[in-house]
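Me: I would like a close look at a single part of this model, namely the protein surface that meets the DNA. Please take the strands in turn and spell out the cut-offs behind each term.

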Amino acid sequence: MKVYPPASENELLNNAKTIAGKTLQQIATIHELPIPLHLRNAKGWIGELIEISLGASATSLPEPDFQKIGVELKTIPVNRHGRPKESTYVCTVPLTPDIDIQWETSLVKRKLSRVLWVPVEADAGIPLPARRVGTAFLWSPDRQQVSVLRQDWEEFMDMIMMGELEQITARHGQYLQIRPKATNAEALRNGINMDGDKILTMPRGFYLRASFTSRIIEQMISQFHQQ
DNA sequence: TGGTGATCATAC
DNA sequence: GTATGATCACCA
């Protein structure tokens with residue numbers, strides 16, 4: 001079954017409702033896809049399955065997944081309490097950014113402006129085929145959240161432009177963090193050191209801390225209960 | 001045992 | 001090679 005890109009947020013939400021409560025086995029069967037034995041050698045499999053089942057179009061482009069409506073798709077592994085098990089990858093970190101790079105036009109901002117979060121059961125005790133997809137919800141950061149995300153991003157970009165990339169660890173950043181994002185430790189690319197010289201360094205990605213995505217889920221639940 | 005640093009697969 | 005989809009694995 002082929003799912004076409006949704007033309008509106010409502011259409012996307014309706015598509016998401018059709019997979020809510022289903023197991024990964026049920027969804028994979030609909031699309032005639034095999035299920036890997038475990039995620040160790042297929043880490044992105046759930047994300048790719050949900051992309052297919054919701055009609056995502058920019059699946060390996062530096063763009064929001066649903067290009068037409070500007071929505072980014074994120075599956076989020078949650079435990080039985082609904083708390084995220086992992087951080088959430090956002091996008092690649094520019095290692096040699098232009099001097100005039102700005103938050104307003106950054107990929108982090110574009111991707112996080114509108115996100116469809118799709119919770120997926122991730123307790124180790126549940127076999128992969130039996131894991132269920134939860135109720136998806138659309139989210140945009142509120143003013144306070146945008147403010148912190150922007151502050152994190154600007155501090156990171158300042159450090160990178162100052163040649164302090166190698167000093168950045170996953171401990172930096174309140175909501176965002178920067179961590180390696182590579183095939184392996186041998187995958188290097190160009191960066192800039194504190195002397196302004198070219199160096200080879202590990203490719204890195206922006207991630208949302210699990211403590212932050214946990215708050216997003218809690219907010220959604222409390223809004224739900226108020227209605 | 002939580003979080004940081006490392007890694008796996010795939011598309012083009 | 002560089003982007004995407006992420007989770008793994010180890011150690012403080």
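Reply: What follows goes through the surface beside each DNA strand.

This is a predicted model, in which local features need pLDDT of at least 70 and side-chain atom pairs count only at pLDDT 80 or more, while totals for chains, interfaces and linings use all residues. Residues are numbered from 1 along each chain as its sequence is written, chains are lettered from A and ligands numbered from 1 in the order in which they are written, and side-chain values use heavy atoms, with hydrogens and water left out.

Around DNA strand B there are 17 residues, of which N41, K43, A170, R179 and A185 are the closest; a residue counts as near a strand if one of its heavy atoms lies within 4 Å of it. Of the atoms of DNA strand B within 4 Å of the protein, 57% belong to sugar or phosphate, and the rest belong to bases. By class, this surface has six nonpolar, five polar and six charged residues, where Ala, Val, Leu, Ile, Met, Phe, Trp, Tyr, Cys and Pro count as nonpolar, Asp, Glu, Lys and Arg as charged, and the others, Gly among them, as polar. Strand β5 (residues 176-180) gives the most to the surface near DNA strand B, with three residues; helices (H or I, at least four residues) and strands (E, at least two) are DSSP runs, numbered from the N terminus.

Individual atom pairs add detail to this picture. A polar side-chain atom of N41 is 3.0 Å from a phosphate oxygen of DNA strand B, whereas the side chain of K43 places an N or O atom 2.5 Å from a base oxygen of that strand. P180 has a backbone N or O atom 3.4 Å from a base oxygen of DNA strand B.

DNA strand C has 27 residues around it, and T75, Y89, T92, K181 and Y207 come nearest. Sugar and phosphate make up 67% of the atoms of DNA strand C that come within 4 Å of the protein. The surface here has eight nonpolar, seven polar and 12 charged residues. At least two residues each are supplied by α3 (45-54), β1 (72-78), β2 (88-92) and α4 (107-112), and β1 provides the largest share, four residues.

Here, too, side chains can be followed to particular oxygens of the DNA. An N or O atom in the side chain of D65 lies 3.0 Å from a phosphate oxygen of DNA strand C, and one in the side chain of K74 lies 3.5 Å from a phosphate oxygen of that strand. R179, which is among the residues closest to DNA strand B, also has a side-chain N or O atom 3.3 Å from a base oxygen of DNA strand C.

Terms used: A polar contact is a pair of N or O atoms within 3.5 Å; within protein, one must be able to donate a hydrogen and the other to accept it, and residues adjacent in sequence count only if both atoms are side-chain atoms.
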